[in-house]
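Subject: Structure handover

Hi,

Here is the structure I promised to pass on. Please open it first, then read my notes below.

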Amino acid sequence: MKEILTKQFNVFVGADSLTQLSELLIEKSYTKVFVLVDNHTKKHCLPLLKPFLAQFYLIEIKAGEIHKNIQTAQFIWQQLQDNNADRTSLLINLGGGVICDMGGFAAATFKRGIDFIHIPTSLLAMVDASIGGKLGIDFNGIKNEIGLFKHPHLIAVDAVFLKTLPNVELMSGFAELVKHGLVANKKMWHELQTLENVTPESIQKYIYQSIKIKVKIVRKDPTEKGIRKALNFGHTIGHAIESASILKSNKPILHGHAIALGMIVESWLSCQLNYLAPKDCIQIENYIRKHFDIPGFDFDINDLIQLMGHDKKNENGKIQFSLIHKIGSPKLKINCEQELIQQALITCLQLK
Ligand SMILES: NC(=O)c1ccc[n+]([C@@H]2O[C@H](COP(=O)([O-])OP(=O)(O)OC[C@H]3O[C@@H](n4cnc5c(N)ncnc54)[C@H](O)[C@@H]3O)[C@@H](O)[C@H]2O)c1
Ligand SMILES: [Zn+2]
């Protein structure tokens, strides 16, 4: 097991990281322990957690982003209240990013805040959503509209959970892991080149490296005023693709897959603006195309650009990007002209 200890939060990564949970439970003597799951993590992950817990109350919600809303948060608060949770109770979030974001939000607001722990079970939650203290729910169709920053008491990351994660979800998390290399660690990016297949086993050592990168960035800039914006690489284009796909399809593209495409387009932009060398840009595109199934699209370029107009990062109405300046170092707050964005979408995604 490896540990990343900071003043605000501790992350334990590895096969015996769940033993940290047992130790915390003894040390803290919580009055009650609640475990939040969705219907998938109840089936696949709860059996692996049970040996580390004595008595607990289970709170189960339905899986999926559409349930990351105020009604589900209310249901969690209700369950806590009905079962007499008090200020010294604990909520354990056992699941992907939806469970971590929403369970953390419910715990941080219940009785002005009870302790909570993240046990991420999707790759995306392991390397991204469980780290950094962003908690929240979607509201009126806008993602993460209501929320707050608060770190969990403990984050225990055990790759054993990935064995039951559907491959398409594994790849969604893999995009964020790749992103961490591209924005902050050239060495990891080069090591990733040697990976033939992405499997729970083959990526284990990169999970720790990826978490370390995110922790380092979050510690420098907890509330995303500066360097944390680097983590938005691929996300200006990626979010627009994700939103367009949600509007168009009843089986929309997953977040990480949209970000993978976003990274191709935003690498091209980084190259056009002379930050990134053409050979590195080609290497990134080839790598992403090798590992991700890229579907054909019929998105309208103007619709995508309009969607980018809603991005939280924009300032004074200008579409803003977090690009890369060489592999492993970010280039923040870059405004791009609409014509250049159009050109990027035509060139990289063959959109019309
Ligand atoms: N807080 C942050 O900093 C941050 C960062 C990135 C993403 N997020 C949020 O994270 C969410 C996406 O996270 P996600 O991709 O983990 O989504 P998710 O929580 O919906 O999980 C994806 C799917 O995998 C299932 N699942 C999870 N673990 C499993 C396992 N071990 N075995 C079988 N099935 C399993 C879930 O039930 C779900 O169906 C979004 O809501 C996003 O906004 C937050
Ligand atoms: Zn993301």
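**The largest cavity**

By class, 6 nonpolar, 1 polar and 1 charged residues line the largest cavity. Keep in mind that this is a predicted model. The lining residues are I253, H257, A260, L261, F292, D293, I294 and P295. The volume of this cavity is about 40 Å³. The count of cavities of 30 Å³ or more comes to 1.

**The second largest pocket**

Next, look at the second largest pocket, with a volume of about 500 Å³. It is lined by 20 residues, and K251, P252, I253, L254 and P295 are the closest to its centre. Two of these names should look familiar: I253 and P295 also line the largest cavity.

Which elements give two or more residues to this lining? They are helix 7 (167–184) and helix 10 (235–248). Helix 7 gives the most, with 3 residues. Sorted by class, the pocket lining has 9 nonpolar, 7 polar and 4 charged residues.

**The zinc ion**

Ligand 2 is a zinc ion. Three residues coordinate the zinc ion: E176 through OE, H235 through NE2 and H255 through NE2. The distances run from 1.9 to 2.1 Å. Along the chain, the donors follow the spacing E-x58-H-x19-H. E176 sits in helix 7 and H255 in helix 11 (residues 255–272), so this pair ties together parts that are 79 residues apart in sequence.

**Ligand 1**

Now turn to ligand 1. There are 26 residues around it, and D38, E65, T121, S122 and T164 come nearest. By class, this shell has 8 nonpolar, 9 polar and 9 charged residues.

Three polar contacts are worth finding on screen:

- H40: a polar side-chain atom lies 2.9 Å from an oxygen atom of ligand 1.
- K134: a polar backbone atom is 3.0 Å from a nitrogen atom of ligand 1.
- T164: an N or O atom in the side chain is 2.7 Å from a nitrogen atom of ligand 1.

How much of ligand 1 does the protein bury? Taken alone, ligand 1 exposes 860 Å², and the protein buries 89% of that. Four elements give two or more residues to the shell: helix 2 (39–44), helix 5 (97–109), helix 6 (123–129) and strand 8 (142–149).

**Where to start**

Try the zinc ion first, with E176, H235 and H255 as its donors. Then go to T164, one of the residues that come nearest to ligand 1.

Best wishes

Notes: Residues numbered from 1 in each chain as written. Chains lettered and ligands numbered in written order. Predicted model: local features only at pLDDT ≥ 70, side-chain atom pairs only at ≥ 80, totals over all residues. Heavy atoms only, no water. 1 Å grid on protein atoms, 1.4 Å probe; cavity = no way out; pocket = protein on both sides within 12 Å on 5 of 7 lines; lining within 4 Å. Points joined across faces, edges and corners; volume = space filled by probe spheres on them. Nonpolar A, V, L, I, M, F, W, Y, C, P; charged D, E, K, R; others polar. Near = heavy atom within 4 Å. Polar contact = N/O pair within 3.5 Å; in protein donor to acceptor, adjacent residues only side chain to side chain. Areas by Shrake-Rupley, 256 points an atom, 1.4 Å probe, with all protein chains shown as cover. Donors = N, O, S within 2.8 Å, 3.2 Å for Na, K, Ca; no water.
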